[in-house]
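The following exercises each set a task and then work through its solution. Please examine the sequence and the structure before reading on.

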Amino acid sequence: MSYTLDQRQLDRIEDILKADLVDNGVRCVFLIDMAGNIITHLDNGEKQHDIYSLAALAAGNFGAVSAMAKIIGENEFSLLFHKGKKENIHFNKISSEFLLITIFGNEISLGFLRMKVAESVEQLKEVLAPLVPATDG
Amino acid sequence: MAFINLKNKIIQVKIVYYGPGRGGKTTNLEYIHRRFQERIHAEMVTVKTHGDRTLFFDFLPFDIGLIHGYRIKVQLYTVPGQPKYNATRKLVLRGVDGIVFVADSMAICRESNMQSLKNLQENLAAYRKSLESVPWVLQYNKIDLAEQGIPVLSVEQLERDLNRGYGRPSFPASALKGVNVAATLKKILSLAVTSIRDEMM
């Protein structure tokens, strides 16, 4: 089961991520699917990360935490946040298939970031809704 | 679940190396990483236990060039082979486009090979997939141990145990020495890419 995004859809996704997140000071943002594929990736040009490895680990990490949630009787933990000294990572589930990951520094408050991420997620849901694969668990 | 990016003309393909614990899945990836160093620029990511066993997965991304005008980005994963890590094995299988089942040819591993294949079938079912529907190949690893007098299963026996009813391509191999590692990878990539292309048509 494969799925496809065309130029128009990808441009729309990039516009949303740029306006809501990159232009508001986020260092790096990427949209991935739960298999670990990168759908789109934007950054402010300051740092280059190994995004393919990051996506693979992020999808695995999110999957592991979701499995933990089920064990304690929660359906899911829809967002995760890892705090570092200079860099922080925020994960937000968009649907059963897609995940938004943001890397940001200490100059942005977590509350502001969460608000901006939530706004992006609402818009991304509309773009991604037509292609949620029905046959891939 | 390959992702096809029409804007940048990129297809991302996920290949998972599956099989019993200590069968040589990680060794396959390590060999590929060494052998194709000039083409694989990324580092291999491993999530290991203190005892150096795979805890979550190993991950190796690389580019295999253009096919029908699309850049193919391959992502190789292994799973932890030990029975107790089934939850993580299942997670890694999510969205898989092709599987290499690495069986251990040592005679003492006969049962664990068959159990692992059964476990693979069960885990695929969770994603509404099956060994009948997903591209996969077999690798009979450690075949060279016979030279050291260690009892190994014959290829015929391994075929009967693991490939009966499936008739998938299979490769006697030595992941440590690199025998048939590239051939196995080439075959699964060709099957996975063909399957994705057929879906796109």
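**Exercise 1: Two loop residues**

Lys142(B) is buried, having 25 other C-beta atoms within 10 Å; a residue is buried if 20 or more other C-beta atoms, placed from the backbone, lie within 10 Å of its own. The model is predicted: local features need pLDDT of at least 70, side-chain atom pairs count only at pLDDT 80 or more, and totals for chains, interfaces and linings use all residues. Residues are numbered from 1 along each chain as its sequence is written, while chains are lettered from A and ligands numbered from 1 in the order in which they are written.

Task: state where Lys142(B) is placed and what its phi is.

Solution. Lys142(B) belongs to the loop between strand E7 (136–141) and helix H4 (155–163) of chain B; helices (H or I, at least four residues) and strands (E, at least two) are DSSP runs, numbered from the N terminus. Its phi is near 65 degrees, a positive value in a residue other than glycine. Most residues other than glycine have a negative phi.

Next, Asn180(B) lies in the loop between strand E8 (170–172) and H5 of chain B. Phi of Asn180(B) is near 65 degrees, again positive, and Asn180(B) counts as buried, with 21 C-beta neighbours inside 10 Å.

**Exercise 2: The contact between chains**

Task: determine how many residues of chain A are in contact with chain B, and which element of chain A gives the most.

Solution. In chain A, 27 residues are in contact with 29 residues of chain B (C-beta atoms, placed from the backbone, within 7 Å). To the side of chain A that touches chain B, H2(A) gives the most, with eight residues.

Conventions:
Two residues are in contact if their C-beta atoms, placed from the backbone, lie within 7 Å. A residue is buried if 20 or more other C-beta atoms lie within 10 Å of its own, exposed if 12 or fewer, and partly exposed in between; C-beta atoms are placed from the backbone.
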